[in-house]
Amino acid sequence: MSRVERLALYIALTALTAFAIDGVLPTMPIIEGAFDAESSFSGAQIITAFVLGMAVGELAIGPISDALGRRPAVIAGLVVFVVGTVVAATADNFAAVITGRFIQGIGVTGPKIGTRAMIRDRYAGADMAKIMSVIFTLLILVPMIAPALGALVAKAAGWRGVFWSYLMLAAGLGAWMWLRHPETLPVEKRVPLSPRRLWQNFRKMLFRMNVMPIVIATGFVFGAQLTYFAVAANIFGAVYGASAMMPLFFALLATGTALALTLNVWLVGRTGMEAPIFAGLLVLGLSGMGLLIAAVFCSGHPPLPILLGLTWFGFFALGLLFGNLNAFAMRPLGDLAGLGSSIIASVSSLVAFVFASFVETVVGAPVWALAWAFTLAAPLSAFFILLTIPACSRKQFYENIRNRK
């Protein structure tokens with residue numbers, strides 16, 4: 001397998017998660033309208049159930065891939081994803097769609113976590129950094145094109161067609177992986193599954209004050225983005241009557257994240273991770289407060305250009321935050337890095353699910369929900385990050401941020 005083909009496979013496997021979230025967004029109102037309007041489920045749960053499934057799968061897939069190998073973990077995850085896809089595609093009620101999305105979320109963690117492990121097995125140092133940079137740079141394109149592709153498939157084959165397209169994508173990736181990619185974890189380096197050892201390491205992680213608060217902070221930031229995914233269809237459809245333009249709006253907002261990711265490489269080299277993190281939280285909070293003020297003065301219906309502009313700054317902030325927060329959490333882990341990666345992904349996804357579900361349920365109105373999610377996520381994340389810094393060191397911490405050029 002050539003280096004180019006291997007990189008293409010890694011990008012495709014990693015992109016499956018983003019396609020599974022972004023591609024279904026234009027169909028959410030259609031799915032909601034296809035079933036009983038009095039259903040106890042909402043369109044937003046098409047997204048939040050998927051993330052809850054990710055929280056479950058992410059906790060298990062790391063140890064499984066360490067014990068059985070990367071290929072079995074990736075392929076098993078794709079099989080589970082296909083099962084969830086079939087359940088959703090053949091659903092005759094809303095509950096079955098939500099169940100299928102939950103199973104999809106569990107399954108997608110196989111390629112998501114397994115691909116990172118394969119990269120870590122095969123590459124090291126600067127070479128690994130280059131591979132990851134290329135992957136994440138190209139993944140910026142996914143939020144720009146996935147909603148448009150989902151809308152085109154739905155127009156041609158209905159909302160069920162979107163799920164059948166997920167099945168074909170997962171099946172193709174599984175066949176590509178099975179036929180072309182070798183196992184990257186030698187037998188002698190595998191770690192047998194030991195529930196007792198896993199529980200001991202999990203407890204170590206839970207009580208590490210230099211790690212777990214950052215994981216919770218990451219969850220609040222992810223929760224702000226997840227709230228947007230949950231309410232975006234209602235914002236652009238029900239509130240503004242611009243459903244057909246939603247893929248274009250998604251592409252526009254994704255440019256904010258793309259710009260932030262590009263700038264972040266330069267910022268981290270000059271200032272370290274701390275300054276971009278707090279700058280990102282400040283921008284996220286100001287974006288949310290701006291949306292709240294606009295909603296107050298416009299009865300929950302600010303002009304669309306204002307909503308897009310303020311949300312763009314929120315997405316710019318997310319671009320500064322995600323990579324830095326994950327690196328910040330992983331930095332102290334050392335020999336727990338493998339399990340730590342799974343726990344960070346799982347716990348942050350769970351926090352995001354609870355946060356987004358709470359905001360979407362309590363606030364209700366989509367523009368208000370987005371505004372409150374951005375506004376609340378910023379101070380909550382900052383609070384938990386500051387918990388990781390001993391009181392005696394906080395003054396020096398603030399001075400370091402202020403003095404770095």
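1. A contact here means heavy atoms within 4.5 Å. With that in hand, look at the whole chain: among contacts with a separation of 6 or more, 85% join residues 24 or more positions apart.

2. A word on where this comes from. This is a predicted model, in which local features need pLDDT of at least 70, side-chain atom pairs count only at pLDDT 80 or more, and totals for chains, interfaces and linings use all residues. Residues are numbered from 1 along each chain as its sequence is written, and side-chain values use heavy atoms, with hydrogens and water left out.

3. The chain has 15 helices and zero strands (DSSP runs numbered from the N terminus: helices are H or I, at least four residues; strands are E, at least two). Of its 405 residues, 51% are buried, meaning under 20% relative accessible area with a 1.4 Å probe, protein chains only.

4. Now try helix H7 (residues 141-180) and helix H10 (residues 246-271): their axes, which are lines fitted to C-alpha atoms over the stretch in contact, come within 7 Å and cross at roughly 165°. H7 and H10 are therefore roughly antiparallel, the word for angles over 145 degrees. Pro143 and Ala151 are among the H7 residues that meet H10, where the partners include Phe250 and Ala258. This contact's residues split into 10 nonpolar, one polar and no charged.

5. H10 also meets helix H9 (residues 212-239), with axes that come within 11 Å and cross at roughly 135°. That makes H9 oblique to H10. On the H9 side you'll find Tyr228 and Phe236, among others, and on the H10 side Met246 and Leu253 are included.

Key:
Buried means under 20% relative accessible area, exposed over 50%, partly exposed in between (1.4 Å probe, protein chains only). Axes are lines fitted to C-alpha atoms, for helices over the stretch in contact, and angles run from 0 to 180 degrees between N-to-C directions. Angles under 35 degrees count as roughly parallel, over 145 as roughly antiparallel, 65 to 115 as roughly perpendicular and the rest as oblique. Ala, Val, Leu, Ile, Met, Phe, Trp, Tyr, Cys and Pro count as nonpolar, Asp, Glu, Lys and Arg as charged, and the others, Gly among them, as polar.
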